[in-house]
Amino acid sequence: MCQLLGMNCNNPTDILFSFQGFCARGGKTDCHQDGWGIAFFEGAGCRVFMDHNPSISSPVAELVRNFPIHSTHVIAHIRKASVGGISIENSHPFTRQLWNRYWVFAHNGDVPGVELEKDSFFKPVGQTDSETAFCAILEALRRKFPIKRPSNQQLYGAVQEITRTIAARGAFNYLLSDGEAFFAHCSTNLFYLVRQAPFAAAHLVDEDISVDFKEITSPSDRVALIATVPLTDNEPWTQMKAGELLLFQDGMPVTMPAREAV
């Protein structure tokens, strides 16, 4: 299966350390060699890099590994193709616009049989079930809230509703963000970690690289990382439960009121 990496934080920061380890899984320490991509939200804009080549040998990935883009919302993906050929149009993350905002989505798993209404505004460009599922989520949101973006609480309830429908078809681990809300859904395997003061050193699983975060952060910084498999071997990663949908804001998972979660 594919692998996911996400970052949500309260102050713009770069993801160079985590991305270094993540890239190694695209052909060096793991077999996800069928493309990769990463999206950075910057203000109202969204900067996206992708390639159908393995991340470990991609010149574009090399650029990103050495380009300290600062963002509060980042979504990355390395692909092991199951549905759809190895191509740019089938590489994650996928992007669309809704309510005058960019939305970004990356998926790990298989959800066969997702169908869109013939008059759906959102339609896939490539051949993956992942992109079709993304279109289904956005179409459901557009129909439920046709005028403007709802509150995060309302959004959480609507995302959870369509997620349950799609997840019934298979493995639906995903990351979804519009640069304000950051959603992570676990079907089978997804972990998260919150880095905050007092900061300590971290060591990558896939590369022999360590960073002492207390030397490069301020006491007010807080960063949440979400990954299919933990990226470091000396930090307290939390495994999400099957069927759990988390909303991250300012580097922390936010608990939604019970009435909003139905």
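**Exercise 1. Work out which way the side chains of strand β8 (residues 182–185) point, and whether they are buried or exposed.**

*Solution.* Keep in mind that this is a predicted model.

Step 1. Recall the general pattern: in a regular strand, side chains alternate between the two faces of the sheet.

Step 2. Apply it to β8. Phe182 and Ala184 point one way, while Phe183 and His185 point the other way.

Step 3. Check the burial. Phe182, Phe183, Ala184 and His185 are all buried.

**Exercise 2. Find the strands that pair with β8 and describe how they are joined.**

*Solution.* Take one partner at a time.

Step 1. β7 and β8 run antiparallel and are joined by four bridges. Across this pairing, Leu175 stands opposite Ala184 of β8.

Step 2. Look at the connection. β7 and β8 make a hairpin with four residues between them. In the turn, Gly179 has a positive phi of about 85 degrees.

Step 3. Turn to strand β14 (residues 245–249), which pairs with β8 in the antiparallel sense over four bridges. Here His185 has Leu245 in β14 as its bridge partner.

**Exercise 3. Place β8 in its sheet: what is the strand order, and which helices pack on the sheet?**

*Solution.* Start with the strands, then add the helices.

Step 1. The sheet is open and has six strands in the order β5-β6-β7-β8-β14-β15, paired antiparallel.

Step 2. Find the edges. β5 and β15 (252–254) are the edge strands, since each pairs on one side only. From one strand to the next, the twist averages 25 degrees.

Step 3. Look at the pairing of β6 with β7: these strands are antiparallel and joined by five bridges. One example of bridge partners is His107 with Tyr174 in β7.

Step 4. Add the helices. α3 packs on the sheet and touches β5, β6 and β7, with its direction at about 15 degrees to that of β5. α4 also packs on the sheet, touching β6, β7, β8 and β14, and its direction makes about 145 degrees with that of β14.

**Exercise 4. Describe the largest nonpolar core and say which element gives the largest share of it.**

*Solution.* Go from residues to elements.

Step 1. This core has 30 residues. Those that touch the most other members are Trp103, Ile137, Leu141, Ile166, Tyr174, Leu176 and Phe183.

Step 2. At least two residues each come from β5 (94–98), β6, α3, α4 (152–167), β7 and β14. The largest share is that of α3, with seven residues.

Step 3. Follow one member, Tyr174. Beyond its neighbours within four places in sequence, its contacts include Phe105, Ile137, Val159, Phe183 and Leu245.

Step 4. Do not stop at one core. A second, separate core of 24 residues has Ile38, Phe40, Ala76 and Val223 among its members.

**Exercise 5. Classify the aromatic pairs that Phe105 makes with Phe134 and with Tyr174.**

*Solution.* The structure holds 13 aromatic pairs, and here you need two of them.

Step 1. Choose the quantities. A pair of aromatic rings is described by the distance of the centres and the angle of the planes.

Step 2. For Phe105 and Phe134, the ring centres are 5.0 Å apart and the planes meet at 5 degrees, so this pair is stacked. Phe105 belongs to strand β6 (residues 101–108) and Phe134 to helix α3 (residues 129–144), so the pair ties together parts 29 residues apart in sequence. Both Phe105 and Phe134 are buried.

Step 3. Phe105 and Tyr174 have centres 5.4 Å apart and planes at 40 degrees, a tilted pair. This pair links β6 with strand β7 (residues 173–177), across 69 residues. Tyr174 is buried too, as is Phe105.

Step 4. Put the rings together: Phe105, Phe134, Phe172 and Tyr174 form one aromatic cluster.

**Exercise 6. Decide whether Arg195 and Asp51 are buried or exposed, and find a polar side-chain partner for each.**

*Solution.* Use the cut-off for buried, which is under 20% relative accessible area.

Step 1. Arg195, in strand β9 (residues 191–196), has 9% relative accessibility, so Arg195 counts as buried. Its side chain makes a polar contact with the side chain of Glu235 at 2.7 Å.

Step 2. Asp51 sits in strand β3 (residues 45–51). Its relative accessible area is 7%, so Asp51 is buried. The side chain of Asp51 makes a polar contact with that of Ser58, at 2.7 Å.

Methods
Residues numbered from 1 in each chain as written. Predicted model: local features only at pLDDT ≥ 70, side-chain atom pairs only at ≥ 80, totals over all residues. Heavy atoms only, no water. Phe/Tyr/Trp six-rings, centres within 6.5 Å; stacked < 30°, edge-to-face > 60°. Buried < 20%, exposed > 50% of the residue type's maximum accessible area, 1.4 Å probe, protein only. Polar contact = N/O pair within 3.5 Å; in protein donor to acceptor, adjacent residues only side chain to side chain. Pairing = 2+ DSSP bridges. Core = buried A, V, L, I, M, F, W, Y, C linked by side-chain atoms within 4.5 Å. Contact = heavy atoms within 4.5 Å. Axes fitted to C-alpha atoms, helices over the stretch in contact; angles between N-to-C directions.
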